[in-house]
Amino acid sequence: MSRQNYIFTSESVSEGHPDKVCDRVSDAVLDAYLQEDPESRCGVETFATTNLVVVGGETRGPEAVLKRIEEIARECVKDIGYEQDKFHWNTMEVRNVVHGQSAHIAQGVDAAGNKDEGAGDQGIMFGYAVDETPELMPAPILYSHAILRRLAEVRKDGTESRLGPDSKSQLTVRYEGGKPVGVSSIVLLTQHLDPDMTSADVQDMVAPYILETLPEGWVTDATEWHVNPTGKFVIGGPDGDAGLTGRKIIVDTYGGAAPHGGGAFSGKDPTKVDRSAAYVARYLAKNVVAAGLARRCTLQLAYAIGVAKPLSIYVDTGGTGAVPDAKIEAAIADTIDLTPRAIREHLGMNKPVYQRTAAYGHFGRAPDADGGFSWEKTDLAEAIKNAV
């Protein structure tokens, strides 16, 4: 039997974190390609440091997008809010070293004759859902994201103009009876533009927004606060620390509450199962929990490059299942086609909806009317339940 009383910690990083700046640029390039041609192929990585952004990788799509990459990078950095002396959207150098997709990769992935579209890479992908929050997400990562999103809102609307774009949060959540009931500690590091502010000043500024974000009663006199514990944090973003696409995969997913296959998401088009299969795995795990078949569900998919069908489907409900896990596995296989093309079609993934995923988590977000976060829908719950 799993532990019922414990504490668990997850962290998040803001859109201004150096790695998230890079994720944003990579996904913005992807969106630009999908906007022009939904069948574009994209595997783009971004590196950022003092006064420099480098965009590289492989693409196949409209030539006009390739010529716009510098403009796209500047637009992203401007929207995030960087206008520092050593990292400014208008004065930074942007190097575009993107090249065409390898013909050898294309021949394995593309459909041809009787061959279906194959997976864009080998690998294992995990999805997870748990009933401890309405979003069916683990509470520590969900609320770590929520804190930083709220601080970004008040920074951008001018309410708290002293805040900078770069920040990190970390919550330690206390569980009783397997349910989250309170916060043991709050850690927040946030860039501030006023060099005279002390850690205490920053805490006084951000505390009201943190308290309004967390469930009522979760923060008590026993909760420990650590806000900018090392002191001043004025130099932030890629000027303070280099950034790279794909270095925040645990922040992007479940905050360490579930396994991760290892593949990053940002900059990859949905033929690449690192992204699309991880999204559909979350979709399926969420629908299993939404169907009442389990309180918690971990789901693994495995693929081989160039091969359409998954090599395996594995479900683990951690002893919370209403039926055996093997029955849920069989029901999933009977309910949905998990080939790469079928995943893209089922979830409508060939759309420019990925830039918005680059910060504050790829999961636990409300589905958008234009198809964004389609993998968060629970429209398959009844079909899986019936199949079981």
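Entry 1. Before looking at side chains I fixed the term: a residue is buried under 20% relative accessible area, exposed over 50%, and partly exposed in between. The model I am working from is predicted.

Entry 2. I looked up E93 first, and at 40% relative accessible area E93 is partly exposed. R95 also has a relative accessible area of 40% and is partly exposed. I then checked the pair, and the side chains of R95 and E93 form a salt bridge at 2.8 Å, N to O. Salt bridges with shared partners also link E15, R24, D79, R155 and K156 into one network.

Entry 3. I turned to R68 and E71, whose side chains meet in a salt bridge with an N to O distance of 3.8 Å. The cut-off is 4 Å, so the pair counts. R68 is partly exposed at 29% relative accessibility. E71 is partly exposed too, with a relative accessible area of 41%.

Entry 4. Next I asked which residue D27 pairs with through its side chain. The partner is R275, and the salt bridge is 2.8 Å from N to O. D27 sits in helix α1 (residues 18-36) and R275 in helix α8 (residues 273-290), so this salt bridge ties together parts that lie 248 residues apart in sequence. Are the two ends buried or exposed? D27 is buried, with 0% relative accessible area. R275 is buried as well, and its relative accessible area is likewise 0%.

Entry 5. I noted the total for the model: the count comes to 27 salt bridges. As background, side chains of opposite charge can pair when their charged atoms come close.

Entry 6. R275 had led me to α8, and I looked at how α8 lies against helix α10 (residues 340-347). The two axes come within 10 Å and cross at roughly 60 degrees. That angle makes α8 oblique to α10. I recorded the crossing of α8 and α10 as left-handed.

Entry 7. Which residues make the contact between α8 and α10? On the α8 side I listed V273, S276, A277, V280 and Y283. On the α10 side I listed P340, I343, H346 and L347. I then sorted the residues of this contact by type: seven are nonpolar, two are polar and none is charged. S276 and H346 are the polar ones, because Ser and His are on neither the nonpolar nor the charged list.

Entry 8. For α8 I therefore have two items on the page: R275, in a salt bridge with D27 of α1, and a contact with α10 that holds no charged residue.

Terms used
Residues numbered from 1 in each chain as written. Predicted model: local features only at pLDDT ≥ 70, side-chain atom pairs only at ≥ 80, totals over all residues. Heavy atoms only, no water. Helix = DSSP H or I, 4+ residues; strand = E, 2+ residues; numbered from the N terminus. Buried < 20%, exposed > 50% of the residue type's maximum accessible area, 1.4 Å probe, protein only. Axes fitted to C-alpha atoms, helices over the stretch in contact; angles between N-to-C directions. Parallel < 35°, antiparallel > 145°, perpendicular 65-115°, else oblique. Left-handed = near helix turned anticlockwise from the far one by under 90°. Contact = heavy atoms within 4.5 Å.
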